[in-house]
Amino acid sequence: MILTACPIISTGSAAANAAPVSAISQATKDIKAQAPIQYRIQARLDEKKMTIEGSESITYRNTSKDTLKQLVFHTYADANLSESTQTTMFKHSNEEISKNNPDKNPEDFLGGIDIEKVTTGGQALEFSNKDQAMSVKLEQPLQPGESVSVQVHFNLKIPYGSQRLSYYKDIINGAHWFPVMSVYDEAKHEWDSKPYSKTFETDYYTSADYEVQFNVPDQYQVVMPGTITTRDDAESGRKVVSTVAENTREFAFFASPNFKVDSVTRNGLTVEYYYFDNQPGKKKIVDGYVDQAFKAIDFFSDKYGKYPYPEFRIVESYVEGVAIEYSRLIQMGQIGINSAPEQDTVFVHEIAHQWFHALIGNNSETESFLDEGFADFSKVYFSEKQGDTMNGFKSIQFDDSTVDKAIASTNDEVGDWASPVYYDKGRQAIYQLYRSVGEEKFDAFMKEYFKRYVYQNATIDGLLQTIEDVLGKEARDDMKTALYEPNFTLKPEYQLSNEEKTAYLHDQFQSLYESALTQVPNLPFETMSRVMDKALQGEPLAIVLSDQVSKAANKQQEAMVNQLTTLLDLTGVKYDLIQDRQELKQKMKKELATSNLIVLGNAKSNGFVQALKSSIMDRASHSGFKWKTTMNQPSAAGAYVIKHPYNQNRLMLHYFWNEDHLSSGSLEPFMMKMQQSIGFSSAYYQYYMLDKTGKVTLDKKVENPLSKFFAEE
């Protein structure tokens with residue numbers, strides 16, 4: 001899921017023992033024959049009530065050395081019984097959905113699962129379902145190596161809104177929709193029965209074989225893992241969609257009457273993209289995503305181990321700001337017409353989860369680094385080898401921050417720091433291992449790690465043991481230190497130099513602005529954010545201050561200049577700073593005629609504005625900014641952007657105030673608005689006005705579709 005120096009280490013003699021692909025494939029076949037759990041599920045969707053009536057038969061083989069007196073199932077659907085137990089990840093989305101759908105009650109956003117009965121061989125079994133865990137007491141203790149089959153009958157209420165299990169508009173998101181076997185911890189002699197995390201993920205499963213039959217309305221398209229077939233003679237107006245999915249870690253579905261499918265088969269693998277055909281030219285973008293999926297799957301298959309399934313599916317839904325991985329399929333947000341598949345690193349991250357979550361499992365409640373850290377490193381590894389310098393290894397090397405949490409922290413320990421700890425620091429620790437041993441030995445280690453844990457659940461201890469066996473004890477000790485000590489940073493020799501950091505930031509911001517500005521078709525040329533974009537593209541930039549001003553005004557100008565130049569220096573943008581009136585006169589018709597301009601101060605005290613007032617007034621009128629009227633309003637302040645009076649290919653952005661200086665209460669909001677107005681994540685302004693308290697009283701802007709992703713909760 002996705003919510004940015006050292007001596008060569010001895011590798012040991014075990015490095016040559018990594019198994020070839022053929023051996024890994026044989027190991028995969030052997031494991032497939034030993035799947036310890038089989039599910040046979042029959043379900044019927046009531047699309048009017050948004051409920052599912054289901055029955056499942058589960059055959060469970062006791063692979064532990066313990067005698068088991070009960071079975072435990074996760075009933076994560078019960079996380080939706082109350083808002084207090086639902087994940088907070090989708091809270092903001094649900095609040096927005098609620099505002100736009102006033103007919104929906106708070107109860108509509110809730111749901112849950114009702115277990116009607118549990119039986120074996122027709123005999124009822126005693127069970128208890130509470131706190132998202134169902135315990136089933138067995139008639140006879142289950143000895144090691146023995147199997148038992150139980151049948152569970154259930155009714156599910158699907159909540160409205162945005163959750164892993166939910167329905168909204170014309171799509172049903174179907175995660176956690178049936179009771180699923182918990183993992184038995186042989187070392188602790190107990191079942192995993194923890195409720196689903198409110199703040200992150202609690203995905204910890206045993207790979208199993210699934211046979212699922214889903215009775216749905218005729219018009220519905222159902223997306224599931226496995227080989228899908230359809231029978232249309234179920235009953236009038238309905239059909240049965242079936243699938244067989246062997247060795248699949250978890251089973252999620254998506255359903256909609258409006259899915260369109262883009263399906264491509266290459267070298268025995270079929271990639272399918274289920275999307276809504278709601279924009280002209282969308283199929284072309286989808287084709288690009290499908291092609292990118294093949295590239296990523298081929299890359300990870302080569303580097304880690306072959307993707308073993310005949311299909312991979314991508315589902316477009318209404319989730320925003322969150323992409324989620326499931327076994328053999330991933331859930332993405334809406335594709336925009338300006339989406340660039342080759343730049344969508346989130347997409348590659350989710351595909352990488354097929355190796356680090358679906359194929360190699362782990363307890364994501366206690367060791368999330370094992371899936372999120374490796375998935376995030378993998379997306380960067382892929383980008384690096386595609387020649388994407390912005391999203392490649394430099395993005396890892398740039399970060400020299402520290403976090404007072406160990407990478408190996410549990411979800412409870414890490415709290416709200418999951419992203420910097422598991423993703424950012426996690427991928428750094430893996431990158432450090434990669435650099436210390438070299439690509440060839442690192443790839444050999446990853447192939448061995450895959451061979452040992454494909455279809456199994458890995459642990460950090462198991463990872464460290466694999467590192468020692470393949471790369472040597474020194475590499476293991478180095479990695480253990482990286483994972484278990486807080487405040488991890490890359491060794492200095494693996495970081496970027498200060499000059500490299502500035503160059504990287506410049507290129508990063510250049511890419512961000514360029515990408516963001518293309519999100520709005522026909523965006524006006526006179527846009528404040530475009531001044532920064534043009535400077536990042538290498539066009540000259542000058543900052544012209546007012547002169548002959550009071551001490552108070554001069555002090556405020558200095559604060560504004562410091563704010564502007566800090567950003568410009570950070571991103572490596574060159575600029576000319578002019579305050580002296582004589583220097584201004586000398587450069588007026590030469591250097592400044594070809595520069596983009598940021599002008600500060602009262603129009604009456606800024607030499608550039610005074611010299612070209614007539615042209616500025618004329619240019620401002622094109623965007624509807626009443627320049628003369630505005631500049632005569634007492635206490636008014638704000639900003640406007642126009643085409644340069646001398647050069648229609650350049651811009652002039654004027655931050656103004658009409659008094660001698662801003663009041664103390666309005667300075668801070670004025671400067672905050674300055675920073676916001678040239679950003680790439682806020683609205684695109686042509687002009688705005690503030691009152692003496694700093695409140696916006698008038699503006700002209702174009703909404704930026706990216707703004708919602710940066711909004712403060």
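Me: Two strands pair if DSSP finds at least two bridges between them. What makes strand β6 and strand β7 a pair?

Reply: This is a predicted model, and in it 4 bridges join β6 (residues 127–130) to β7 (residues 133–142). The cut-off is at least two bridges, so the strands pair. They run antiparallel, and Ser-128 has Ser-135 in β7 as its bridge partner.

Me: Which residue in the hairpin of β6 and β7 takes a positive phi?

Reply: That is Asp-131, with a phi near 55°. The hairpin has 2 residues between its strands. For background, most residues other than glycine have a negative phi.

Me: How do you know that β9 and β10 pair?

Reply: Strand β9 (residues 165–168) and β10 share 4 bridges in the antiparallel sense, and because the rule asks for at least two, they pair. Tyr-167 is matched with Ile-172 in β10. These strands also form a hairpin with 2 residues between them, where Lys-169 in the turn has a positive phi of about 55°.

Me: What else is β10 joined to by bridges?

Reply: Strand β18 (residues 253–256) is joined to β10 by 3 bridges, and the two run antiparallel. Here Asn-173 stands opposite Phe-254.

Me: Which way do the residues of β10 point?

Reply: Ile-171 and Asn-173 point one way, while Ile-172 and Gly-174 point the other way, and all are buried. In a regular strand the side chains alternate between the two faces of the sheet.

Me: Why is His-176 called buried?

Reply: Its relative accessibility is 14%, and buried means under 20%, so His-176 counts as buried. His-176 sits in the loop between β10 (171–174) and β11 (180–181). It is not a glycine, yet it has a positive phi of about 60°.

Me: Why is Tyr-455 given a burial class, and is that class buried or exposed?

Reply: Tyr-455 has a relative accessible area of 4%, which is under 20%, so it is buried. Like the last example, Tyr-455 is a loop residue, placed between α9 (439–453) and α10 (460–471). Its phi is positive too, about 70°, although it is not a glycine.

Me: What makes Lys-628 exposed?

Reply: The cut-off for exposed is over 50%; Lys-628 has a relative accessible area of 54%, so it is exposed. You can find Lys-628 in helix α18 (residues 627–631). Its C-alpha atom is 27 Å from that of Leu-564, 64 residues away along the chain.

Me: Why is Ser-419 called partly exposed?

Reply: At 38%, Ser-419 falls between the 20% and 50% cut-offs, so it is partly exposed. Helix α8 (residues 418–437) contains Ser-419. Ser-419 and Gly-54 are 365 residues apart in sequence and 37 Å apart in space, C-alpha to C-alpha.

Me: How do you know that β2 has antiparallel partners on record in this model, and which are they?

Reply: Strand β1 (residues 37–46) is joined to β2 by 10 bridges, running antiparallel. Strand β8 (residues 147–157) is joined to β2 by 11 bridges, also antiparallel. Arg-40 is partnered with Ser-57 in β2, and Thr-59 with Ser-149 in β8. In the hairpin of β1 and β2, with 4 residues between the strands, Met-50 takes a positive phi near 55°.

Me: What lies in the second largest pocket, and which residues are closest to its centre?

Reply: About 990 Å³ of space lies there. Of the 38 lining residues, the closest to the centre are Val-183, Tyr-184, Asp-185, Tyr-204 and Asn-457. By class, the lining has 14 nonpolar, 14 polar and 10 charged residues. β2 (51–61), β12 (184–185) and β13 (190–191) each supply at least two of them.

Me: How do you know that the radius of gyration agrees with a compact globule?

Reply: A compact globule of 713 residues would have a radius near 27 Å, and the protein has 30 Å, which agrees. The C-alpha trace spans about 95 × 65 × 45 Å along its principal axes. The protein has 20 helices and 30 strands, and 55% of its residues count as buried.

How values were computed
Residues are numbered from 1 along each chain as its sequence is written. This is a predicted model: local features need pLDDT of at least 70, side-chain atom pairs count only at pLDDT 80 or more; totals for chains, interfaces and linings use all residues. Side-chain values use heavy atoms; hydrogens and water are left out. Buried means under 20% relative accessible area, exposed over 50%, partly exposed in between (1.4 Å probe, protein chains only). On a 1 Å grid over the protein atoms alone, a cavity is a set of points where a 1.4 Å probe fits but cannot get out, and a pocket is an open set with protein on both sides within 12 Å along at least five of seven lines; lining residues have an atom within 4 Å of a point. Grid points are joined across faces, edges and corners, and a volume is the space filled by probe spheres set on the points. Ala, Val, Leu, Ile, Met, Phe, Trp, Tyr, Cys and Pro count as nonpolar, Asp, Glu, Lys and Arg as charged, and the others, Gly among them, as polar. The radius of gyration is taken over C-alpha atoms; the globule rule is 2.2 Å times the number of residues to the power 0.38.
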